[in-house]
Amino acid sequence: MISLWRPATADSVLIIHTSSLLTALRALFESAWNRASPYSVKGDTLSGDNRRLPTLLAARLTDESIARQLGWHPSTVQRRVRRLMDKLGVRTRFQAGMHAQREGWL
């Protein structure tokens with residue numbers, strides 16, 4: 001049995017008893033959830049030299065090497081990598097690379 005309780009000020013409660021329909025809906029939800037991928041806005045692309053950044057990161061270049069390739073200062077590379085990771089909602093450079101691959105940026 002699943003109960004959905006409202007705050008103490010509410011004067012009603014919804015109780016859903018286990019049934020074959022509920023079981024089927026739960027299985028459908030679990031199936032869809034397991035196949036889902038993180039939401040992304042289609043058409044979300046990178047501009048300018050930022051387009052090359054994921055490719056250079058995927059090549060496992062150091063920040064210094066990337067800076068030389070793009071004509072940037074190493075601190076600019078670090079700042080832009082951090083901005084890219086924040087935009088993608090990831091915590092590691094590897095995760096950023098995986099996301100960039102999935103989005104077709106590589």
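**Group meeting: helix 4 and its neighbours**

Okay, so reading along the sequence, the protein chain goes β-β-α-α-α-α-α. That's two strands and five helices. One caveat before I go on: this is a predicted model.

Some overall numbers to get us going. The protein chain has 106 residues, and 23% of them are buried. If you take the contacts with a separation of 6 or more, 36% of those are between residues 24 or more positions apart.

Now, the core. The largest nonpolar core has 16 residues. Which residues have the most contacts inside it? Those are L53, L57, I66, V77, V81, L84 and L88. As for where the core comes from, the elements giving two or more residues to it are helix 2, at 53–58, helix 3, at 63–70, and then helix 4 and helix 5. And helix 4 supplies the largest share, five residues.

So let's stay with helix 4, and look at how it sits against helix 5. Helix 4 covers residues 74–88 and helix 5 covers residues 93–103. Their axes come within 10 Å, and they cross at roughly 60°. What do we call that arrangement? Angles from 65 to 115 degrees count as roughly perpendicular and those under 35 as roughly parallel, so helix 4 and helix 5 are oblique to each other. The handedness, for anyone keeping track, is left-handed for this crossing.

Who's actually touching whom there? On the helix 4 side you've got V81, M85 and L88, and they meet R93, A96 and H99 on the helix 5 side. Sort the residues of that contact by type and you get four nonpolar, one polar and one charged.

Two of those names should ring a bell: V81 and L88 are also among the residues with the most contacts inside the core. L88 is worth clicking on. Leave aside its neighbours within four places in sequence, and L88 is in contact with A96, H99 and W105. A96 and H99 are the helix 5 residues we just met in the contact with helix 4.

Last stop, S75, which is also in helix 4. Buried, exposed or partly exposed? S75 has a relative accessible area of 36%, so S75 is partly exposed. If you want a distance to check on your own screen, take S75 and E64: they're 11 residues apart in sequence, and C-alpha to C-alpha they're 8.9 Å apart in space.

That's what I've got. Happy to pull the structure round if anyone wants another look.

Methods
Residues are numbered from 1 along each chain as its sequence is written. This is a predicted model: local features need pLDDT of at least 70, side-chain atom pairs count only at pLDDT 80 or more; totals for chains, interfaces and linings use all residues. Side-chain values use heavy atoms; hydrogens and water are left out. Axes are lines fitted to C-alpha atoms, for helices over the stretch in contact, and angles run from 0 to 180 degrees between N-to-C directions. Helices (H or I, at least four residues) and strands (E, at least two) are DSSP runs, numbered from the N terminus. Angles under 35 degrees count as roughly parallel, over 145 as roughly antiparallel, 65 to 115 as roughly perpendicular and the rest as oblique. A crossing is left-handed if the near helix is turned anticlockwise from the far one by less than a right angle, and right-handed if clockwise. Contact means heavy atoms within 4.5 Å. Ala, Val, Leu, Ile, Met, Phe, Trp, Tyr, Cys and Pro count as nonpolar, Asp, Glu, Lys and Arg as charged, and the others, Gly among them, as polar. A nonpolar core is a set of buried Ala, Val, Leu, Ile, Met, Phe, Trp, Tyr and Cys residues joined through side-chain atoms within 4.5 Å. Buried means under 20% relative accessible area, exposed over 50%, partly exposed in between (1.4 Å probe, protein chains only).
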